[in-house]
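Look at the sequence and the model below before reading on. The report then goes through a few features in turn.

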Amino acid sequence: RNVRDRPVTLGATSNTKQIGIYADEARSTPATAVRLAAHAEGVLCVCLQPNLPPEAYAGRGAPRHFVGGVHVRVHATKEGTGAPVTSGAEAGAHVGAVVEEHVLRISATIGRALLRTPAR
């Protein structure tokens, strides 16, 4: 949610190619420049695509533990180009300047799921 009185642009990147961040559920638009109007809400879709060999999913192999990160940056935005923002918490920040950053930790256990029930 954009709590500011002016629009902002969100940019999200990952520290691994196994995590994709998108601006839509169809995964057609990477979340590199998602514009949010003042006081608007937005959703970023984080997708995990593990890069494991096929044998990791076969048999009774041990599950793999995955840890990655998503870096979300909030950029100053103002109608027009190149002018500094003149009021608010971002005063003096040029359009495109990072005014806020967040790092999200993603962890998952990946492997073949086995369900066993006792014989009767």
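What follows describes a predicted model, taking its pocket, salt bridges, cysteines and nonpolar core in turn.

**The largest pocket**

The largest pocket has a volume of about 340 Å³. It is lined by 19 residues, and those closest to its centre are Arg-1, Leu-10, Leu-36, Val-72 and Val-74. Four strands each supply at least two residues of the lining: S1 (8-14), S3 (34-36), S5 (64-76) and S6 (98-110). By residue type, the lining holds 13 nonpolar, 3 polar and 3 charged residues.

**Salt bridges**

How many salt bridges does a search of the whole structure find? The search finds 3. The table gives the residues of each pair and the distance between nitrogen and oxygen.

| Pair | N to O distance |
|---|---|
| Arg-1 and Glu-41 | 3.4 Å |
| Arg-4 and Glu-100 | 2.8 Å |
| Arg-73 and Glu-101 | 3.8 Å |

Consider the pair in the top row, where the side chains of Arg-1 and Glu-41 meet. Arg-1 is in the segment before S1, while Glu-41 is in the loop between S3 and strand S4 (45-48), so this salt bridge ties together parts that are 40 residues apart in sequence. Arg-1 and Glu-41 are both exposed.

In the next row, Arg-4 forms a salt bridge with Glu-100. Arg-4 lies in the segment before S1 and Glu-100 lies in strand S6, so the two parts tied together are 96 residues apart in sequence. Is Arg-4 buried or exposed? Arg-4 counts as buried because its relative accessibility is 16%, and the cut-off for buried is under 20%. Glu-100, at 28% relative accessibility, counts as partly exposed.

The remaining row joins Glu-101 with Arg-73. Glu-101 belongs to strand S6 and Arg-73 to strand S5, so the pair ties together parts that are 28 residues apart in sequence. Glu-101 is partly exposed, with a relative accessible area of 48%. Arg-73 is also partly exposed, and its relative accessible area is 25%.

**Cysteines**

A disulfide is a covalent bond between the sulfur atoms of two cysteines. How many disulfides does a search of the whole structure find? The number is 0. Why does Cys-45 have no bond to the closest cysteine sulfur? That sulfur is in Cys-47 and is 6.2 Å from the sulfur of Cys-45, which is too far for a bond. For comparison, the cut-off for a disulfide is a pair of sulfur atoms within 2.5 Å. Cys-47 likewise is in no disulfide, and the cysteine sulfur nearest to Cys-47 is that of Cys-45. As for accessibility, Cys-45 is buried, with a relative accessible area of 15%, whereas Cys-47 is partly exposed at 24%.

**The nonpolar core**

The largest nonpolar core consists of 13 residues. Within this core, the residues with the most contacts are Leu-10, Ala-12, Ile-19, Ile-21, Ala-31 and Val-70. The elements that give two or more residues to the core are S1, strand S2 (19-22), S3 and S5. Which element gives the largest share? The answer is S5, with 4 residues.

**Where the parts meet**

Some names occur under several headings. Leu-10 is among the residues closest to the centre of the largest pocket, and Leu-10 is also one of the residues with the most contacts inside the largest nonpolar core. Arg-1 is likewise among the residues closest to the pocket centre, and the side chain of Arg-1 meets that of Glu-41 in a salt bridge. Strand S5 supplies at least two residues of the pocket lining and gives 4 residues to the core.

Key
Residues numbered from 1 in each chain as written. Predicted model: local features only at pLDDT ≥ 70, side-chain atom pairs only at ≥ 80, totals over all residues. Heavy atoms only, no water. 1 Å grid on protein atoms, 1.4 Å probe; cavity = no way out; pocket = protein on both sides within 12 Å on 5 of 7 lines; lining within 4 Å. Points joined across faces, edges and corners; volume = space filled by probe spheres on them. Nonpolar A, V, L, I, M, F, W, Y, C, P; charged D, E, K, R; others polar. Salt bridge = Lys/Arg side-chain N within 4 Å of Asp/Glu carboxyl O. Buried < 20%, exposed > 50% of the residue type's maximum accessible area, 1.4 Å probe, protein only. Core = buried A, V, L, I, M, F, W, Y, C linked by side-chain atoms within 4.5 Å.
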